[in-house]
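Work through the exercises below with the model open. Try each task before reading its solution.

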Amino acid sequence: TMKKNYLLISVLFVGLWTTQAQQLPQFTQYMYNTISINPAYAGNRDAFSLTALNRNQWAGISGAPRTQTLSIHTPLRNEQIGLGLSVINDKTGYENYTYLYADFSYTINVSEDVTLSFGLKGGLSYYDLDEDLFNEPSVLQDPFFREQFNKWTPNFGAGLFLSSQKWYVGLSAPKIINNDNNEFSEYVALEQVHYYMTGGYVFDLSDTWKLRPTALAKVTNGAPLSFDMSGTVIYDEKLYLGATYRIDDAIGAFIDFQIFEPLRIGYGYEYSVSDLRPYTTGSHEVILIYELRFQNTKYKSPRFF
């Protein structure tokens, strides 16, 4: 019922508040959204790259997270410097976060086919409470909510990205400042530092088939370790079929296809294996990737991560 759904979401919110950990969004197709968590990734696809993603989490639960991301990044002509821009809108219940960040990376050659990129991320977060909340009788006359919650806060992050055509390892902290979006009461809306480690490898199975295992680990103070792993088979560098598992949380699958050379579109689905399983039919994700590869690219094949 509707009351049960709102009660469930309320319990989830209380859990987040008491742990004092405002989490960044999580994705089924995390391997295509690296720029949102690691600024060192900017320019590493050796192309002008635009990625748009929409995620509806925990379908069937009112107030469940809804997330949209848009990222653009590209290397400059000297190939050592990469620039990017990331926008994330994340709405859960009455809460709405908007992140607007610029990314900068500098890449050096470690060997003939291995590069190391250093990245910096800087920007603003906007924390907003939905207007519907202010129609509640207990909130309508309380100026505290409007004065303390709807505001912009600055932040910055850093990252490293070590890669070749076949593999990659990344380490990053996209938000380093612990901003408290409520400094004047016992209600906690604290942005905790998130540490991410990512990695993957591409195996050649044949002339047309490849296998790409990847993993992502997220460490946050006050929240359980989050660990994602995935395996993807790639056919003819155009069709990607993958399966994912987030420990104690969800299993999923995704497919994406290159419609024509610059454009790929994909869909991902997650089935909850946590305590939420009786209340939701799963999570849905749609992604669009548009890339223009440069003629003088150093890679003969497209990047697979």
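The exercises go from the whole chain to single residues.

**Ground rules.** The model is predicted: local features need pLDDT of at least 70, side-chain atom pairs count only at pLDDT 80 or more, and totals for chains, interfaces and linings use all residues. Residues are numbered from 1 along each chain as its sequence is written, and side-chain values use heavy atoms, with hydrogens and water left out.

**Exercise 1. Describe the overall fold in numbers.**

Step 1. Take the secondary structure: the protein has three helices and 15 strands. Helices (H or I, at least four residues) and strands (E, at least two) are DSSP runs, numbered from the N terminus.

Step 2. Take burial. Of the 305 residues, 50% are buried. Buried means under 20% relative accessible area, exposed over 50%, and partly exposed in between (1.4 Å probe, protein chains only).

Step 3. Take contacts, meaning heavy atoms within 4.5 Å. Among those between residues at least 6 apart in sequence, 56% join residues at least 24 apart.

**Exercise 2. Find the largest cavity and describe its lining.**

Step 1. Search the whole structure: seven cavities of 30 Å³ or more turn up. A cavity is a set of points on a 1 Å grid over the protein atoms alone where a 1.4 Å probe fits but cannot get out; lining residues have an atom within 4 Å of a point. Grid points are joined across faces, edges and corners, and a volume is the space filled by probe spheres set on the points.

Step 2. Size the largest cavity: its volume is about 130 Å³.

Step 3. List the lining. It holds 14 residues, and Gln26, Phe27, Tyr30, Tyr196 and Leu216 lie nearest the centre. Strand E10 (209-220) and strand E11 (226-235) are the elements that give two or more residues to this lining.

Step 4. Sort the lining by class: six nonpolar, five polar and three charged residues. Here Ala, Val, Leu, Ile, Met, Phe, Trp, Tyr, Cys and Pro count as nonpolar, Asp, Glu, Lys and Arg as charged, and the others, Gly among them, as polar.

**Exercise 3. Which side chains make polar contacts with the side chain of Asp204?**

Step 1. Place the residue. Asp204 sits in strand E9 (residues 203-204).

Step 2. Classify it. Asp204 is partly exposed because its relative accessible area is 46%.

Step 3. List its contacts. Not counting residues up to four places away in sequence, Asp204 touches Lys166, Trp209 and Lys210.

Step 4. Pick out the polar contacts. Such a contact is a pair of N or O atoms within 3.5 Å; within protein, one must be able to donate a hydrogen and the other to accept it, and residues adjacent in sequence count only if both atoms are side-chain atoms. The side chain of Lys166 qualifies at 2.3 Å. The side chain of Lys210 qualifies at 2.5 Å.

**Exercise 4. Is Asp46 buried or exposed, and is Asp248 buried or exposed?**

Step 1. Check the backbone. Neither is a glycine, yet phi is positive: about 55 degrees at Asp46 and about 60 degrees at Asp248.

Step 2. Locate them. Asp46 is in the loop between helix H1 (2-19) and strand E1 (47-59). Asp248 is in the loop between strand E12 (239-246) and strand E13 (250-260).

Step 3. Read the accessibility. Asp46 is at 5%, so it is buried. Asp248 is at 63%, so it is exposed.

Definitions and conventions: On a 1 Å grid over the protein atoms alone, a cavity is a set of points where a 1.4 Å probe fits but cannot get out, and a pocket is an open set with protein on both sides within 12 Å along at least five of seven lines; lining residues have an atom within 4 Å of a point.
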